Amino acid sequence: LDYDTTGALLLTNDGELANLLMHPRHRFTKTYLAKVKGVPTEERLEKLRRGVNIEGQRTAPAEVRLVALKEKNSLVELILREGRNRQVKRMFLEIGHSVLRLQRTAYAFLDLQGLEPSQWRYLHPEEVKHLQAAAARASASPEEGLKDRLSRPLRAPRKSPASGMRRSASSTGAAARPAARTGSKPKPRPKAKPKPTRKREQ
């Protein structure tokens, strides 16, 4: 969180869990309540939902809804699945509304219910398992699929009908050999005829 932003924080000495929580691939939601200057129109809120360009990069689609109006300002709830530096404030600047106050009200399924400012609590073991399970489901990668395919047994070699050759299943890449026919004797090779010799004249 920024210096002037309040809300939910997760503290842990488990480096692996911290990486799972922060990596954008796992798409944990972060919910914010922003007090913005003015009242954004539905058209401008739709731009936030589709994504806006920040320094040449488009933000991921977000969930946005207008919560309340306060005098000339408004409260907007924003749910993100990524976390760039000062992202919420920069997104609202892109649609012409500066953020006056910002609070993160939830991290994934963990909210601030029952906690006052500066208070904290331990996570329940079930909550930690839920976070780990959610990250594991989201972290399925092509590398895992490749490992699964490599662990499968090799298929039996198949005979090619076109060439009558049998493919070798060896990993050395040995050349294929002609398939032997059963019930037939090999034909004898014809004997080579002796070459005629010519006597040299002296």
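These legends walk through a predicted model, one close-up at a time.

**View 1. The whole chain, to get your bearings.**
The protein chain has 202 residues, and 25% of them are buried. Its secondary structure comes to five helices and ten strands. If you take the contacts with a separation of 6 or more, 62% are between residues 24 or more positions apart. The accessible surface adds up to about 16500 Å², with carbon and sulfur atoms holding 51% of that.

**View 2. Inside the largest nonpolar core.**
Here we're looking at a core of 18 residues. Which residues have the most contacts inside it? They are Leu-48, Val-64, Leu-78, Leu-80, Val-88, Met-91 and Phe-92. Two helices, H2 (42–50) and H3 (87–94), each give two or more residues to this core, and so do strands E2 (30–37), E6 (73–80) and E7 (99–107). There's also a second, separate core, made of nine residues, with Leu-17, Ala-108, Leu-110 and Ala-135 among them.

**View 3. Zooming in on Leu-48.**
Leu-48 is one of the residues with the most contacts inside the largest core. Set aside its neighbours within four places in sequence, and what does Leu-48 touch? You'll find Ala-62, Val-64, Met-91, Phe-92 and Ile-95 in contact with it.

**View 4. Helix H3 and its surroundings.**
Follow H3 and you'll meet several buried residues: Gln-87, Val-88, Lys-89, Met-91 and Phe-92. What do the buried residues of H3 pack against? The list takes in helix H2 along with strands E1 (5–7), E2, E3 (53–54), E6 and E7. Just past the end of H3 sits Gly-96, with a positive phi of about 90°.

**View 5. Thr-5, buried or exposed?**
Thr-5 belongs to strand E1. With a relative accessible area of 9%, Thr-5 falls under the 20% cut-off, so it counts as buried. Leaving out residues up to four places away in sequence, Thr-5 touches Lys-89, Leu-102 and Gln-103. Lys-89 is itself one of the buried residues of H3.

**View 6. A nonpolar patch on the surface.**
Now for the outside: Leu-1, Leu-9 and Leu-11 make a nonpolar surface patch of about 360 Å². Where is Leu-9? Look in the loop between E1 and helix H1 (15–22). Leu-9 has a relative accessibility of 54%, which is over the 50% cut-off, so this residue counts as exposed.

**View 7. The hairpin of E5 and E6.**
Strand E5 (residues 63–70) pairs with E6 in the antiparallel sense, and seven bridges link them. Together E5 and E6 form a hairpin, with two residues between the strands. Lys-70 has Asn-73 of E6 as its bridge partner. In the turn, look for Glu-71, which has a positive phi of about 55°.

**View 8. Strand E2 and its partners E6 and E7.**
E2 runs antiparallel to E6, joined to it by eight bridges. E2 also pairs with E7, again in the antiparallel sense, over seven bridges. Lys-35 is a handy landmark for both pairings. How do you find its partners? Lys-35 stands opposite Leu-75 in E6, while in E7 its bridge partner is Arg-101. As you trace the strands, keep in mind that side chains in a regular strand alternate between the two faces of the sheet. E2, E6 and E7 are also among the elements that give two or more residues to the largest core.

Definitions and conventions: Residues are numbered from 1 along each chain as its sequence is written. This is a predicted model: local features need pLDDT of at least 70, side-chain atom pairs count only at pLDDT 80 or more; totals for chains, interfaces and linings use all residues. Side-chain values use heavy atoms; hydrogens and water are left out. A nonpolar core is a set of buried Ala, Val, Leu, Ile, Met, Phe, Trp, Tyr and Cys residues joined through side-chain atoms within 4.5 Å. Buried means under 20% relative accessible area, exposed over 50%, partly exposed in between (1.4 Å probe, protein chains only). Helices (H or I, at least four residues) and strands (E, at least two) are DSSP runs, numbered from the N terminus. Contact means heavy atoms within 4.5 Å. Patches are made of residues with over 30% relative accessible area and no salt bridge: like charges are joined within 9 Å, nonpolar side chains (Val, Leu, Ile, Met, Phe, Trp, Tyr) within 5 Å. Accessible areas come from the Shrake-Rupley method with a 1.4 Å probe; for residues, only the protein chains shown count as cover. A salt bridge is a side-chain nitrogen of Lys or Arg within 4 Å of a carboxyl oxygen of Asp or Glu. Two strands pair if DSSP finds at least two bridges between them.
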